[in-house]
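Trainee: Please take one part of this model and examine it closely with me. I should like to see how its residues are placed and how the rest of the chain is held together around such parts.

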Amino acid sequence: MTAQTRSSVAFDSVTVGDIVAERAVTLTRDSLVRYAGASGDFNPIHYRDDIAAEVGLPGVIAHGMLTMGLAVQPVSDWAGDPAAVSDYQVKFTRPVVVDPVSGADVSIAAKVGALDEDAREARIDLTVTFDGATVLGKAQVRVRLA
């Protein structure tokens with residue numbers, strides 16, 4: 001049997017509907033270059049406007065996995081231990097277009113969507129928006145609580 005890491009957050013201290021984290025993140029073209037280097041994803045739609053336009057995109061877009069990773073970070077910080085996250089799933093619904101000058105401001109809100117008393121887990125529902133539109137659909141994180 002493998003030991004499961006639990007958050008330092010007490011299960012009894014949260015209720016459905018609690019906002020557990022909110023954060024705004026600005027993505028820049030520099031962010032995309034750094035992520036490409038770290039991930040090995042050098043698809044030119046993430047750094048060349050002409051290629052992005054050629055494939056019908058409204059501009060250079062952020063890597064979906066970068067957006068997904070940024071979105072779960074506030075929950076991981078709240079939990080106090082990233083290993084307490086037992087599951088994380090999203091659907092990519094809209095691209096995040098990163099302007100070469102101003103970047104892209106992404107907003108993240110994390111709310112308790114459900115509690116499983118038997119498993120002592122919270123389902124955290126994420127709302128991730130860019131330019132007023134949701135960019136990650138059905139973004140849900142399961143966190144094992146103390």
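Mentor: Two parts are in contact when they have heavy atoms within 4.5 Å of each other. The model is a predicted one, in which local features need pLDDT of at least 70 and side-chain atom pairs count only at pLDDT 80 or more, while totals for chains, interfaces and linings use all residues. Residues are numbered from 1 along each chain as its sequence is written, and side-chain values use heavy atoms, with hydrogens and water left out.

Let us begin with helix α1, residues 29-39; helices are DSSP runs of H or I with at least four residues, strands are runs of E with at least two, and both are numbered from the N terminus. Arg 29, Leu 32 and Ala 36 are buried in α1 (buried is under 20% relative accessible area, exposed over 50%, partly exposed in between, with a 1.4 Å probe and protein chains only). These buried residues line one face of the helix, because they fall within an arc of 55° when α1 is seen down its axis (the arc is that of the directions from the helix axis to the C-beta atoms). They pack against α2 (49-54) and α3. On the face turned away from that buried side, α1 carries the exposed residues Arg 34 and Ala 38. Just after the helix, Gly 40 takes a positive phi of about 85°.

Helix α3 leads us to the interior. The largest nonpolar core has 38 residues (such a core is a set of buried Ala, Val, Leu, Ile, Met, Phe, Trp, Tyr and Cys residues joined through side-chain atoms within 4.5 Å). Among the residues with the most contacts inside this core are Trp 78, Ile 124 and Val 143. The elements giving it two or more residues include α3 (64-79), β1 (19-27) and β5 (133-144), and α3 gives the most, with seven residues. Leaving aside neighbours within four places in sequence, Val 143 is in contact with residues including Val 75, Trp 78, Ala 79 and Ile 124.

Helix α3 also takes part in a salt bridge (a side-chain nitrogen of Lys or Arg within 4 Å of a carboxyl oxygen of Asp or Glu). The side chains of Asp 77 and Arg 23 meet in this way at 2.7 Å, N to O. Asp 77 lies in α3 and Arg 23 in strand β1, so the pair ties together parts that are 54 residues apart in sequence. Asp 77 is partly exposed at 42% relative accessibility, and Arg 23 is partly exposed at 32%.
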